[in-house]
Amino acid sequence: MAGNINVGLALHSGGLTLQVPAIKAVAGRSVQVPLTIADARGTGAGWTLTLDASTPVAITGITARCAAGSTCTLPKAADAVGILQAARDSGMGVIQLVVTVAPLRSGSASAPLAFSVS
């Protein structure tokens with residue numbers, strides 16, 4: 001009993017998603033914000049991470065690594081629009097970022113931080 005078994009396989013692209021906890025910038029101490037960006041579109045188009053805050057804030061650092069179990073291409077910075085822009089053919093897969101936000105001025109009220117990716 002010999003024969004061929006034909007198996008069809010189709011790959012479907014996903015989307016571009018961002019996971020980030022609700023967090024605020026505060027006076028007197030830096031805040032480290034963990035973010036996860038998943039780019040499963042399969043286009044290599046890149047993306048832009050932006051930050052909207054009710055008070056001007058300063059970003060003092062960004063670290064990036066591939067998520068456990070993910071094959072990714074870390075973002076290569078492009079001309080800065082937003083706080084991080086992944087150049088074409090980078091930023092694909094699941095990437096974990098840590099964005100460090102500088103302390104607000106002493107006496108300032110806390111400011112919610114709203115991140116988005118497009």
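User: Accessible areas here come from the Shrake-Rupley method with a 1.4 Å probe, and for residues only the protein chains shown count as cover. What share of the accessible surface of the chain belongs to carbon and sulfur atoms?
Analyst: This is a predicted model, in which local features need pLDDT of at least 70 and side-chain atom pairs count only at pLDDT 80 or more, whereas totals for chains, interfaces and linings use all residues. Residues are numbered from 1 along each chain as its sequence is written, and side-chain values use heavy atoms, with hydrogens and water left out. The accessible surface of the chain comes to about 7,400 Å², and the part belonging to carbon and sulfur atoms is 53%.

User: How many helices and strands are there in the chain?
Analyst: Both kinds of element are DSSP runs numbered from the N terminus, helices being H or I over at least four residues and strands E over at least two. Read from the N terminus on, the elements run β-β-β-β-β-β-β-β. The chain therefore has, by these runs, 0 helices and 8 strands.

User: In what order do the 4 strands of the open sheet stand?
Analyst: Two strands pair if DSSP finds at least two bridges between them, and the pairing in this open sheet is antiparallel. The edge strands, each pairing on one side only, are E2 (23–25) and E6 (84–86). E8 (residues 111–117) pairs with E2 over 3 bridges and with E4 over 5 bridges. The order is E2-E8-E4-E6.

User: Which residue in E8 is the bridge partner of Ile 23?
Analyst: Within the pairing of E2 and E8, Lys 24 stands opposite Pro 112. The residue that is bridge partner to Ala 53 is Leu 113, and the bridge partner of Ile 23 is likewise Leu 113.

User: Which side chains along E8 point to one face and are buried?
Analyst: Buried means under 20% relative accessible area, exposed means over 50%, and partly exposed lies in between, with a 1.4 Å probe and protein chains only. The side chains of E8 alternate, and Pro 112, Ala 114 and Ser 116 point to the other face and are not buried. Those that are buried are Ala 111, Leu 113, Phe 115 and Val 117.

User: Which residues touch the most other members of the largest nonpolar core?
Analyst: A nonpolar core is a set of buried Ala, Val, Leu, Ile, Met, Phe, Trp, Tyr and Cys residues joined through side-chain atoms within 4.5 Å. At least two residues of this core come from each of E3 (31–39), E4 (47–53), E6, E7 (93–101) and E8. Of its 20 residues, those touching the most other members are Val 33, Leu 35, Trp 47, Leu 49, Leu 97 and Phe 115.

User: How far apart in space are Ile 37 and Leu 97?
Analyst: Ile 37 has its place in strand E3 and is buried, with a relative accessible area of 0%. Taking contact as heavy atoms within 4.5 Å, and not counting residues up to four places away in sequence, Ile 37 touches residues including Leu 16, Trp 47, Ile 95 and Leu 97. Ile 37 and Leu 97 are 60 residues apart in sequence, and their C-alpha to C-alpha distance is 7.8 Å.

User: Which residue forms a salt bridge with Asp 39?
Analyst: A salt bridge is a side-chain nitrogen of Lys or Arg within 4 Å of a carboxyl oxygen of Asp or Glu, and the count by this rule comes to 1. Asp 39 is buried, with a relative accessible area of 6%, whereas its partner is partly exposed, at 23%. With the closest N and O atoms 2.9 Å apart, the partner is Arg 41.
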